[in-house]
Amino acid sequence: MKTHKTLLFILTVILALGLAACGSGGGDATPEPAAPTAAASSADTQTADEPAAAPATKSPAPTAKPTLAAAPTDASAAQTDETLNLADRASGLKNLKSYRLTWISEWTPGDATQKPVQMKWTQETVTDPPAQYIAWSGTNTNPAAGAAAADEMVSQMWHIGPTTYMLMSANGESQCMAITQDEADTEAPFDPSLLGDIENAKYVGRETVNGMRTKHYVYDTIGFAMLGADKVKGDAWVAEDGNYMVKEVLTWEGGAGPFSGLAQDEAKGKGSWTWELSQINEKFTIEPPEECLNPAGDAALPMPPGAKSTMQTTQMAQYTLAMPVADVVKFYKNEMPAAGWSLEGDPTETDGLAMLAFTKDGKTANIMITGGDNNGSVVIVTVE
């Protein structure tokens, strides 16, 4: 699994570099993550839709010391009506049927010559059937001299069954890549535990947030990711029945926190983030965009029956077949002309290798077929 994660990361970087090269006007500055809508203050963002005197949720008597709640479903979370300790904001999410998660953050350096850094993370997850959508967006808030506006970069990923689709957009250009593996992969590359531990947060009361019954806590310290912060103020709304974060609004002053890798050494400033969970246990579907579904980016490019895609981009597709090389060659010689493609030159054909080229509307499709396992074939198609 780690090897697969590393491959995805490397391929994403390659896509980003290729797209950046297509941009016009100074592209020296690395795109930063995308301008979120401004995070509201704690008072503005909490959603308490229950009546002021709700008989079903009586507050504990002020003189009675609250007892410990039942053991949480995840060891990383422990809450009572008095304090909250939370090591991972995503603890308990695995027990939900579906949800949509957004995390938006901004850090403004105290040095006026530096621009704010902004990021937005979106994650959608469903379990029936298992699928996941992830988007990481960012804006280069400090474009090179002469640039008319900040460049935006959006990286999207879909885990659907055994296939992972990646779509990278920057400078008005997009590239898609799809990789198929032996087993489904629904792990997100963003680890919410990197945002730091919450320890000894104080209980405020019960509120309904995004349709979920929650306990509201406040805190003024946070561990790990926020090292170097001089002042921290946070509000957290945690689900009563699952010990997972439904909403969080945090502000801090001091170091760059989660932006430390993007800021200058010893830089000081102010930051904020908002974490919010919605569409909890609602039914919705996750599907990749159309541009990720066509091999080599061409809907008219025939694909042999039984082909199993292992990788594809907007210019290349690779897949395996149980069909012998000679039969695959025969398929393409019959089906490519039927789809409007013309055979270009003389094909190269041997027992374990074949190379064919077809042209259509100014495009050239090069098809290389090699022998695979158990008398099968491996096919690589590139379109120029």
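**Figure 1. A salt bridge between Lys-333 and Glu-349 in the predicted model.** The closest N and O atoms of Lys-333 and Glu-349 are 2.7 Å apart. The pair links distant parts of the chain, with Lys-333 in helix α3 and Glu-349 in strand β17, 16 residues apart. Lys-333 is partly exposed at 35% relative accessibility, and Glu-349 is partly exposed with a relative accessible area of 43%.

**Figure 2. Helix α3 and the strands against which its buried residues pack.** Helix α3 comprises the 14 residues 325-338, and its end C-alpha atoms are 20 Å apart, in agreement with the expected span of 20 Å. Val-325, Val-328, Val-329, Phe-331, Tyr-332 and Met-336 are buried in α3. The strands that the buried residues of α3 pack against include β15 (316-321), β18 (353-360) and β20 (377-383). Just after the helix, Gly-340 adopts a positive phi of about 95°.

**Figure 3. A salt bridge between Arg-100 and Glu-124.** The closest N and O atoms of Arg-100 and Glu-124 are 3.0 Å apart. Arg-100 belongs to strand β3 and Glu-124 to strand β4 (residues 117-127), so the pair ties together parts that are 24 residues apart in sequence. Arg-100 is partly exposed, with a relative accessible area of 25%, whereas Glu-124 is buried, at 16%.

**Figure 4. The surroundings of Arg-89, a buried residue.** Arg-89 is located in the loop between β2 (83-86) and β3 (98-109), and its relative accessibility is 1%. Its side chain reaches the backbone oxygen of Gly-196 at 2.7 Å. The Arg-89 side chain also makes a polar contact with the side chain of Glu-248, at 2.7 Å. Among the residues that Arg-89 touches are Pro-192, Tyr-219, Trp-273 and Trp-275.

Key: Residues numbered from 1 in each chain as written. Predicted model: local features only at pLDDT ≥ 70, side-chain atom pairs only at ≥ 80, totals over all residues. Heavy atoms only, no water. Helix = DSSP H or I, 4+ residues; strand = E, 2+ residues; numbered from the N terminus. Buried < 20%, exposed > 50% of the residue type's maximum accessible area, 1.4 Å probe, protein only. Polar contact = N/O pair within 3.5 Å; in protein donor to acceptor, adjacent residues only side chain to side chain. Contact = heavy atoms within 4.5 Å. Expected span 1.5 Å × (residues − 1). Salt bridge = Lys/Arg side-chain N within 4 Å of Asp/Glu carboxyl O. Lists of a residue's contacts leave out its neighbours within four places in sequence.
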